[in-house]
Amino acid sequence: MRLLTTVDLFAGAGGLSYGFERTGQIRIVAAAEKNPNARKTYRKNHPAVRYFYEDVQDIDYDEIKSAFGAIDLVIGGPPCQGFSNANRQHTTMISMNNRLVKEFVRCICELRPRAFLMENVAMLRSQVHRFIVDESDFADPGLQGFNLREDKLELLPADAQFAGALEMVQSMDTNQIEKWTDRRVTVFTVLYRYRINQAKFDKAIEKHKKYLLSELSNMLAAEDNDPIIAAERIMAETLLKYINGQKQEFSVLIDLIKKPLFAQRMLERLQEIKNYSIHVYGYETDNGAIVACVKSYAVLDYIRGVLQDRLGYTITEQLYNAADYGAPQNRERYIIVGLAADQPGIFMPPAPVAEFLFTRRTVREAISDIEDIEPFTEMTDKGIPLPHRDDLSDLAKELRGSMLYNHICTDTTDVALARFSALKSGQNFHDLDPSLKTTYSNAARTQNTIYMRLIYDQPSSTVVNVRKSMWIHPTRDRAISIREAARLQTFPDSYVFEGTKDSQYQQVGNAVPPILAAAIAVQLIKAMGE
């Protein structure tokens with residue numbers, strides 16, 4: 001049986017690679033992953049991969065073709081945050097990750113594999129995920145074929161306006177503006193974060209008092225009449241009075257902090273526009289906010305336009321739920337499969353496994369056999385021997401190894417333990433008594449996945465970084481371990497994760513469930529006539 005030469009871009013911890021390799025017909029010859037901890041994990045579990053690149057933008061695909069000849073498959077999941085008016089309040093307005101989709105497309109254009117698979121979030125299907133037209137796009141003859149939409153990037157919200165702001169933006173050279181240091185931005189961001197909690201605001205003032213007194217004095221001494229500097233002087237004068245015990249209206253103080261802070265964010269966004277060569281058609285005021293007028297096109301239109309219309313790949317797009325293929329979690333992923341025109345078959349998406357359509361695999365099936373094993377709370381390379389058991393679920397038989405690695409979880413604080421103890425299966429942070437929510441500045445905005453106790457006899461929700469979300473074991477008053485999260489993703493115990501504790505949790509949360517990847521790989525290999 002000939003092994004299909006395969007390149008995995010944005011490989012992460014290797015869930016997609018591992019799932020494809022499970023077919024026994026795939027040979028990963030090259031991979032790319034930038035995150036240093038994920039790189040360690042990938043290398044440990046895929047030591048035979050010959051070329052392992054750090055940055056996809058630096059890959060010379062002629063090198064791969066020279067070493068292996070024609071490449072059969074390219075797989076990968078380029079991150080794509082997308083751009084929309086809905087997310088314009090984010091600190092980073094233009095995501096570099098969008099450009100990584102173009103790097104994936106570049107790989108297909110240069111390698112011309114027999115087939116490719118691109119994995120992404122379900123929202124990629126919508127018009128939310130868009131490329132903003134940049135200067136390089138005007139050299140692309142296909143640009144005019146895309147459905148261009150007029151969009152507006154918010155630079156400064158209406159409630160942070162100051163006199164002369166629009167005129168400043170229209171004539172500004174960002175290199176000539178003195179921006180705040182990272183520390184100053186951080187400190188004032190913390191103060192603004194506590195705008196609805198004056199007690200925490202006062203604690204932050206006390207914590208940074210020495211630094212603030214020095215910085216505020218510098219602001220007062222500034223002689224420039226620049227509108228931003230003027231707003232800083234007004235804020236500095238009022239905040240100094242507050243620090244020195246003179247009574248000030250708290251809401252007014254917060255508003256004075258907001259204007260220079262958001263002015264700095266505006267400068268950052270203008271710098272992003274310059275760094276990413278975004279083509280701006282003009283700056284204007286829109287409902288009181290200052291915006292940059294741009295144009296954009298859907299990421300999916302770009303993928304179809306280049307790979308299907310220009311290169312002739314037959315593209316199949318489908319939303320998959322990993323639970324339909326045997327994973328003990330509900331996890332939807334959008335998969336695009338492309339098949340070159342000269343391939344003998346047609347890609348038929350794998351049908352959901354009938355036995356899992358009505359009886360989903362559960363959290364119990366995945367992790368109950370290790371519930372009595374106390375996890376480590378400190379990082380360790382030690383494995384825990386696992387004795388043979390005859391009472392395992394079918395899933396546990398697939399996943400259980402002779403040694404248990406990465407059975408590590410977050411050490412439980414007294415506050416967290418009190419929350420754990422109070423929550424029953426299926427409950428989350430919002431079900432806690434108000435007395436247990438005091439450490440959050442705005443408890444009402446907390447997501448439903450925070451402090452969620454899993455239900456043993458149901459699939460889990462989509463596995464993310466469960467350390468940040470503080471997922472709770474179904475029966476134990478502790479957080480889910482890295483290994484337990486990996487089992488929910490269908491990584492076997494033999495698959496060892498490397499790096500820091502938080503990184504390992506993140507690697508698991510970012511991964512494609514290998515059981516889903518394998519199901520799609522089988523159908524793709526059939527379509528290639530192998």
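Student: Why is threonine 6 called buried or exposed in this model?

Tutor: This is a predicted model, and in it threonine 6 has a relative accessibility of 0%. Buried means under 20%, so threonine 6 counts as buried.

Student: What is threonine 6 in contact with, beyond its neighbours within four places in sequence?

Tutor: Threonine 6 sits in strand S1. Its contacts include Ile26, Ile28 and Ala30, as well as Leu73 and Ile75. The cut-off for such a contact is heavy atoms within 4.5 Å.

Student: What makes the approach of the threonine 6 side chain to leucine 4 a polar contact?

Tutor: The side chain comes to 3.0 Å from the backbone oxygen of leucine 4. The limit is a pair of N or O atoms within 3.5 Å, so this pair falls inside the limit.

Student: How do you know that strands S1 and S4 pair?

Tutor: Pairing needs at least two bridges. S1 (residues 4-9) and S4 (residues 73-76) have 4, in the parallel sense, so the pair qualifies. One of the bridge partnerships joins aspartate 8 to isoleucine 75 in S4.

Student: What makes S3 and S10 the edges of the sheet?

Tutor: The open sheet has 7 strands in the order S3-S2-S1-S4-S5-S11-S10, with mixed pairing. Strand S3 (51-53) and strand S10 (314-321) each have a single partner strand, so one side of each lacks a neighbour in the sheet. From one strand to the next, the twist averages 20°.

Student: Which helices lie across strands S10 and S11?

Tutor: Helix H11 (residues 299-310) lies across S5, S10 and S11, at about 140° to S10. Helix H19 (residues 514-527) lies across S1, S2, S4, S5, S10 and S11, running at about 15° to S11.

Student: How do you know that cysteine 107 is in no disulfide?

Tutor: The nearest cysteine sulfur belongs to cysteine 109 and is 9.2 Å away. A disulfide requires sulfur atoms within 2.5 Å, so cysteine 107 is in none. The whole structure has 0 disulfides.

Student: Why do cysteine 107 and cysteine 409 count as buried?

Tutor: Their relative accessible areas are 0% for cysteine 107 and 3% for cysteine 409. Both values are under 20%, so both residues are buried.

Student: And what class does isoleucine 234 fall into, at 48% relative accessibility?

Tutor: Isoleucine 234 lies in helix H9 (residues 227-243). Exposed would need over 50%, and buried under 20%. The value of 48% lies in between, so isoleucine 234 is partly exposed.

Conventions: Residues are numbered from 1 along each chain as its sequence is written. This is a predicted model: local features need pLDDT of at least 70, side-chain atom pairs count only at pLDDT 80 or more; totals for chains, interfaces and linings use all residues. Side-chain values use heavy atoms; hydrogens and water are left out. Helices (H or I, at least four residues) and strands (E, at least two) are DSSP runs, numbered from the N terminus. Axes are lines fitted to C-alpha atoms, for helices over the stretch in contact, and angles run from 0 to 180 degrees between N-to-C directions. Buried means under 20% relative accessible area, exposed over 50%, partly exposed in between (1.4 Å probe, protein chains only). A polar contact is a pair of N or O atoms within 3.5 Å; within protein, one must be able to donate a hydrogen and the other to accept it, and residues adjacent in sequence count only if both atoms are side-chain atoms.
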